[in-house]
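Biologist: Got a minute to walk me through this one? Show me the fold before we go into details.

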Amino acid sequence: MSSRTSSLLLFVLAFFGVFLQLATAAPLETRDVYAPPVLYPHAGTVWYTGQTHNVSWDVSSPPVNITNKVGLIYLRKGVTSTPRKPLLHFSSRMVQVR
Ligand SMILES: *[C@@H]1O[C@H](CO)[C@@H](O)[C@H](O)[C@H]1NC(C)=O
Ligand SMILES: *[C@@H]1O[C@H](CO)[C@@H](O)[C@H](O)[C@H]1NC(C)=O
């Protein structure tokens with residue numbers, strides 16, 4: 001197994017570990033999965049290596065009960081995903097990504 005494959009496997013296992021913890025800890029009440037609309041980048045945005053960008057999202061109308069108040073930003077190319085920032089609270093609206 002290449003180191004890239006094992007890194008990906010580790011990521012998948014870590015993801016499911018966190019998911020299972022959240023699933024068993026969540027009380028059974030109505031909650032919404034919140035996906036705030038991303039303002040930047042948008043379709044057609046091109047990023048070049050070494051540039052810094054401000055990823056931003058619209059938090060003007062969040063649901064009352066949000067299941068996922070924190071999230072991650074991933075840089076994706078094909079099937080490869082790289083987390084760019086650790087857990088962000090949805091209300092932060094913007095984060096610089098390099
Ligand atoms: C990103 O946001 C910061 C802080 O508001 C600002 O100083 C910077 O100029 C912004 N960068 C870009 C590329 O828009
Ligand atoms: C939000 O959660 C509270 C407490 O669990 C509940 O009483 C309320 O009905 C929920 N509101 C919505 C819009 O789901």
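Modeller: One term before we start: helices and strands here are DSSP runs, numbered from the N terminus, with at least four residues for a helix and at least two for a strand. With that in hand, Leu39 belongs to strand β1. Keep in mind that this is a predicted model.

Biologist: Okay. How many helices and strands in the protein chain?

Modeller: There are 1 helix and 5 strands. Along the sequence the pattern reads α-β-β-β-β-β.

Biologist: What does the pLDDT average over the protein chain?

Modeller: The average is 74, and 69% of the residues score at least 70. Among the elements, β1 has the highest mean, 93, and helix α1, residues 3-25, has the lowest, 45. For residues 1-21 the pLDDT is below 50. Beyond near neighbours in sequence, that stretch makes 1 contact in the model.

Biologist: Noted. Now the sheet. Which strands form it, and in what order?

Modeller: It is an open sheet of 3 strands, ordered β1-β2-β5, with antiparallel pairing. β1 (38-40) and β5 (94-97) are the edge strands, each pairing on one side only. On average, neighbouring strands are turned by 25 degrees against each other, direction ignored.

Biologist: What holds strands of a sheet together in general?

Modeller: Backbone hydrogen bonds, in a parallel or an antiparallel arrangement.

Biologist: And how many bridges does β2 have with β5?

Modeller: Strand β2, residues 53-57, pairs with β5 over 4 bridges, antiparallel. With β1 the pairing is also over 2 bridges, in the antiparallel sense.

Biologist: Which residue of β5 is the bridge partner of Ser56?

Modeller: Met94. On the β1 side, Ser56 stands opposite Tyr40. There is another pair to look at: His53 faces Val97 in β5.

Biologist: Back to Leu39. Why does it count as partly exposed?

Modeller: Leu39 has 13 other C-beta atoms within 10 Å, so it is partly exposed. Buried would take 20 or more, and exposed means 12 or fewer.

Biologist: What does Leu39 touch, leaving out residues up to four places away in sequence?

Modeller: Ser56, Trp57 and Asp58. As for Met94, it is 55 residues from Leu39 along the chain, and their C-alpha atoms are separated by 9.5 Å.

Biologist: What share of the protein chain counts as buried?

Modeller: Of the 98 residues, 0% count as buried. Take the contacts with a separation of 6 or more: residues 24 or more positions apart account for 44% of them.

Biologist: Let's switch to the other strands. How do β3 and β4 pair?

Modeller: Antiparallel, over 7 bridges, with β4 covering residues 80-89. Lys77 sits opposite Thr80 in β4. Their hairpin has 2 residues between the strands, and Gly78 takes a positive phi near 60 degrees there.

Biologist: Why does β3 lie largely in the open?

Modeller: Because the number buried is 0 among its 8 residues, 70-77. Leu72, for one, is found in β3. Leu72 counts as exposed because it has 12 C-beta neighbours inside 10 Å.

Biologist: Which residues is Leu72 in contact with, leaving aside neighbours within four places in sequence?

Modeller: Pro83, Lys85 and Leu87. The C-alpha atoms of Leu72 and Phe90 are separated by 9.7 Å, with the two positions 18 residues apart along the chain.

Biologist: Geometry next. Which residues does the cis peptide bond join?

Modeller: Tyr40 and Pro41, with omega about 5 degrees. Pro41 is in the loop between β1 and β2. Phi of Arg93 deserves a look too: it is near 70 degrees, a positive value in a residue other than glycine.

Biologist: How does that sit with the general pattern? What sign of phi do most residues other than glycine have?

Modeller: Negative, and most peptide bonds are trans.

Biologist: Where does Arg93 lie?

Modeller: In the loop between β4 and β5. Arg93 has 16 C-beta neighbours inside 10 Å, so it counts as partly exposed.

Biologist: Last topic. Which residues surround ligand 1?

Modeller: Thr52, His53, Asn54 and Gln96. By class, that shell has 4 polar residues, no nonpolar and no charged.

Definitions and conventions. Residues are numbered from 1 along each chain as its sequence is written. Chains are lettered from A and ligands numbered from 1 in the order in which they are written. This is a predicted model: local features need pLDDT of at least 70, side-chain atom pairs count only at pLDDT 80 or more; totals for chains, interfaces and linings use all residues. Two strands pair if DSSP finds at least two bridges between them. Axes are lines fitted to C-alpha atoms, for helices over the stretch in contact, and angles run from 0 to 180 degrees between N-to-C directions. A residue is near a molecule or strand if its C-beta atom, placed from the backbone, lies within 6 Å of it. Ala, Val, Leu, Ile, Met, Phe, Trp, Tyr, Cys and Pro count as nonpolar, Asp, Glu, Lys and Arg as charged, and the others, Gly among them, as polar. Two residues are in contact if their C-beta atoms, placed from the backbone, lie within 7 Å. pLDDT is the predictor's confidence in each residue, from 0 to 100.
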